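Have the sequence and the coordinates open side by side. The text below moves from one residue to the ligand site, then to two helices, and ends with backbone angles.

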Amino acid sequence: MPVTLVDSIAALRNTLQPLRGSGNVGLLPTMGALHAGHASLIDRARLECQTVVVSIFVNPLQFDRADDLQRYPRALDADLTVCADRGVAVVFAPAVTEVYPTPPLCVIEVGRLADHLCGQFRPGHFRGVATVVMKLFQMVQPDRAYFGEKDAQQLAIVRRLVKDFDVPVTIVGVPTVREPDGLALSSRNKQLAPEERKLATALYRALCEADRQISSGVTDPELVKKAATAVVPSHKLLRLEYFEVVDPEEMQPVETIADPVVVAGAVWVGATRLIDNVHSAPPAGT
Ligand code: AMP
């Protein structure tokens, strides 16, 4: 079946209506410029859902800087090809005026889940994410929704959002897809100049070092951070924004590493900000 492109909420609902009876509807919210990371979410959704909907919307409400919103890559034609090739039924690519005909007065505040990591450095970002995800859930009414573990704080917030608002959707987290050298795939990687691309693996190498420390029994997060961030070379194009060890559910920094944790970081490579994380656990019996 060819992919159907819709840009209005009314057309989306009309298109989905007859498809609902035949099995699960799966939603993958994206901002487009699709890559193999998005493709792995699509493939997972295709395994579990009869009808897969990909939304493509660069959500202004979650951008804290106007220049970042403007620079964000857009590639609708190529995205449609990716979706068609992988059996997506519906691509929902609305204009900003369709999603926000007027600036919203009702938004979703996410509390302490947004206090650390990206939330600390991108004011209002997760309010924008939670609000648009909730709107997409209302528009699509999916049975299942797919999110990447690459955005660990976002995934934790979405899980809590559906719990707190009793949204009848199953949230599925999908592992991070990486380049052969470890760099997590991201639409923002397209913005990297060749020299920046080489430097961009520094964050993943630091995360791997943190995982080595934790799995060898280091329980003090400060010692882990010190050893891990020492891996990041001093270079004028590289700046670590944060590097934290947090609990996987509420994304709060831990005082001691006694249970599985998420180690998450953000790095500026030139004018491009990249994020990544790994799950790590202390050795059994500590
Ligand atoms: P984005 O278009 O960046 O908003 O991402 C859309 C979805 O794809 C989000 O749930 C992301 O977490 C997920 N995603 C982005 N990059 C990757 C990746 N490298 N591996 C797996 N999922 C990803």
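Leaving out residues up to four places away in sequence, Thr30 makes contact with His38, Val54, Ser55, Ile56 and Phe57. Thr30 belongs to strand S2. The relative accessible area of Thr30 is 8%, so this residue counts as buried, the cut-off being 20%. The model is a predicted one, and every value here is computed from it.

One of the contacts of Thr30, His38, leads to the ligand. An N or O atom in the side chain of His38 is 2.9 Å from an oxygen atom of the ligand. Two backbones also come into play. An oxygen atom of the ligand lies 2.9 Å from a backbone N or O atom of Met31, and a nitrogen atom of the ligand lies 2.8 Å from a backbone N or O atom of Leu185. Of the 490 Å² of accessible area that the ligand has on its own, the protein covers 93%.

How many residues surround the ligand? The shell holds 17 residues, and the closest are Met31, Gly148, Asp151, Val177 and Leu185. By residue type, the shell divides into eight nonpolar, seven polar and two charged. Strand S2 (25–30), helix H2 (36–48) and strand S5 (144–148) each contribute at least two residues to the shell. The largest share, three residues, is that of H2.

Strand S5 comes up again in the packing of helix H8, which runs over residues 152–164. This helix has 13 residues, and the distance from its first C-alpha to its last is 18 Å, close to the 18 Å expected at 1.5 Å a residue. Its buried residues are Ala152, Gln153, Gln154, Leu155, Ala156, Ile157, Val158, Leu161 and Val162. In an α-helix there are 3.6 residues a turn, so residues three or four places apart point the same way. The cover over the buried residues of H8 includes H6, H7, S5, strand S6 (170–174), S8 and strand S9 (272–280).

Helix H7, part of that cover, can be checked in the same manner. Its 16 residues (125–140) should span 22 Å at 1.5 Å a residue, and the end C-alpha atoms are 22 Å apart, so expectation and model agree. Is H7 enclosed or open? Because 13 of its 16 residues are buried, H7 is largely enclosed by the rest of the structure.

The last topic is the backbone. Most residues other than glycine have a negative phi. Where does the model depart from this? Just after H7, Gln141 has a positive phi of about 50 degrees. Asp166, which follows H8, also has a positive phi, near 50 degrees.

Leu117 is another case, with a positive phi near 50 degrees in a residue other than glycine. Leu117 lies in helix H6 (residues 117–121), and it counts as buried because its relative accessibility is 3%. For Met251, also not a glycine, phi is positive and near 60 degrees. Met251 sits in the loop between strand S7 (238–246) and strand S8 (261–269). Is Met251 buried or exposed? With a relative accessible area of 1%, Met251 is buried.

Terms used: Residues are numbered from 1 along each chain as its sequence is written. This is a predicted model: local features need pLDDT of at least 70, side-chain atom pairs count only at pLDDT 80 or more; totals for chains, interfaces and linings use all residues. Side-chain values use heavy atoms; hydrogens and water are left out. Helices (H or I, at least four residues) and strands (E, at least two) are DSSP runs, numbered from the N terminus. Buried means under 20% relative accessible area, exposed over 50%, partly exposed in between (1.4 Å probe, protein chains only). A residue is near a molecule or strand if one of its heavy atoms lies within 4 Å of it. A polar contact is a pair of N or O atoms within 3.5 Å; within protein, one must be able to donate a hydrogen and the other to accept it, and residues adjacent in sequence count only if both atoms are side-chain atoms. Accessible areas come from the Shrake-Rupley method with a 1.4 Å probe; for residues, only the protein chains shown count as cover. Ala, Val, Leu, Ile, Met, Phe, Trp, Tyr, Cys and Pro count as nonpolar, Asp, Glu, Lys and Arg as charged, and the others, Gly among them, as polar. Contact means heavy atoms within 4.5 Å. The expected span of a helix is 1.5 Å times one less than its number of residues.
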